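Subject: Structure handover

Hello,

Here is the structure you asked about. Please open it alongside this message.

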Amino acid sequence: MRRNVIGFLAGCIALIHGLPSRGAAQFAVCNQTFDVINVALGAYERTAFNTSGWWTIGPNQCANVIDEVLTSRYFYVFAQDVFGREVLTGATPMCVAPDRFKITGEADCLVRGLIEARFHEVDTRKSERWTFFIYPPAK
């Protein structure tokens, strides 16, 4: 009997540790297009805008681009297909690079040897979790 109780308690503890914590948060981007896309993310962090990329996301797939508590209300997403064609319309200029990158600051992209891209603003409404869907561009 005692072994059964100890086994039951050990199982409960293992189950609790396996559950995601209540404070866990994420920002996921889901690709609803028919093509593989490359995604960059921008956010204001402390004193400046930061951009980072690239996440490659297949059709009907999602990528968790932030695994921690969302600290900003607004995030900025840029997406292009593997041929470099934009698949998401945006109005906020920020910097990207051809290869993997993490860039601080959104000004003077070309002077700094970077590429200026127009990011789409996403209002998470201060949510702890947010999933953003990218759909095929309207033709």
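Below is what turned up, starting with the sheet and ending at the surface.

One caution before the details: this is a predicted model.

**The sheet**

Start with the open sheet. It has six strands, in the order 6-8-5-2-3-7, and the pairing is antiparallel. Strand 6 and strand 7 (101–104) are the edge strands. Each has a single partner strand, so one side of each has no neighbour in the sheet. From one strand to the next, the twist averages 35 degrees.

Two pairings are worth a look. Strand 2 (residues 37–45) runs antiparallel to strand 5, and seven bridges join them. Within strand 5, Phe78 is the residue opposite Ala40. Strand 3 and strand 7 also run antiparallel, with four bridges between them. Here Thr51 has Ile103 of strand 7 as its bridge partner.

**Strand 7, face by face**

In a regular strand, side chains alternate between the two faces of the sheet. Strand 7 shows this alternation. Phe101 and Ile103 point to one face and are buried. Lys102 and Thr104 point to the other face and are not buried.

**Ser52**

Next, look at strand 3 (residues 48–57), which holds Ser52. Is Ser52 buried or exposed? Ser52 counts as buried, because its relative accessibility is 18% and the cut-off for buried is under 20%. Leaving aside residues up to four places away in sequence, Ser52 touches Ala40, Leu41, Phe101 and Lys102. Two of these names have come up already: Phe101 and Lys102 point to opposite faces of strand 7.

**Salt bridges**

How many salt bridges does a search of the whole structure find? The count is three. Side chains of opposite charge can pair when their charged atoms come close.

- Arg73 with Asp123: the closest N and O atoms are 2.7 Å apart. Arg73 sits in the loop between strand 4 (61–66) and strand 5, and Asp123 sits in strand 8 (residues 115–123), so this pair ties together parts that are 50 residues apart in sequence. Arg73 is partly exposed, at 34% relative accessibility. Asp123 is partly exposed too, at 26%.
- Asp81 with Arg85: their side chains meet at 2.9 Å, N to O. Asp81 counts as buried, with a relative accessibility of 4%.
- Arg118 with Glu116: the closest N and O atoms are 3.7 Å apart. Arg118 has a relative accessible area of 38%, which makes it partly exposed. Glu116 is also partly exposed, at 44% relative accessibility.

**A nonpolar patch**

Last, the surface. Which residues make the nonpolar surface patch? They are Val36, Val82 and Phe83, and the patch covers about 300 Å². Val82 lies in the loop between strand 5 (74–81) and strand 6 (92–96). The relative accessible area of Val82 is 49%, so Val82 counts as partly exposed. Residues need over 30% to be included in a patch.

**Where to look**

For a quick tour, begin at edge strand 7 and its alternating side chains. Move to Ser52 in strand 3. Then find the Arg73 and Asp123 pair, and finish at the patch of Val36, Val82 and Phe83.

Best wishes

Definitions and conventions. Residues numbered from 1 in each chain as written. Predicted model: local features only at pLDDT ≥ 70, side-chain atom pairs only at ≥ 80, totals over all residues. Heavy atoms only, no water. Patch = residues over 30% accessible without salt bridge, like charges linked within 9 Å, V, L, I, M, F, W, Y side chains within 5 Å. Areas by Shrake-Rupley, 256 points an atom, 1.4 Å probe, with all protein chains shown as cover. Salt bridge = Lys/Arg side-chain N within 4 Å of Asp/Glu carboxyl O. Helix = DSSP H or I, 4+ residues; strand = E, 2+ residues; numbered from the N terminus. Buried < 20%, exposed > 50% of the residue type's maximum accessible area, 1.4 Å probe, protein only. Contact = heavy atoms within 4.5 Å. Pairing = 2+ DSSP bridges. Axes fitted to C-alpha atoms, helices over the stretch in contact; angles between N-to-C directions.
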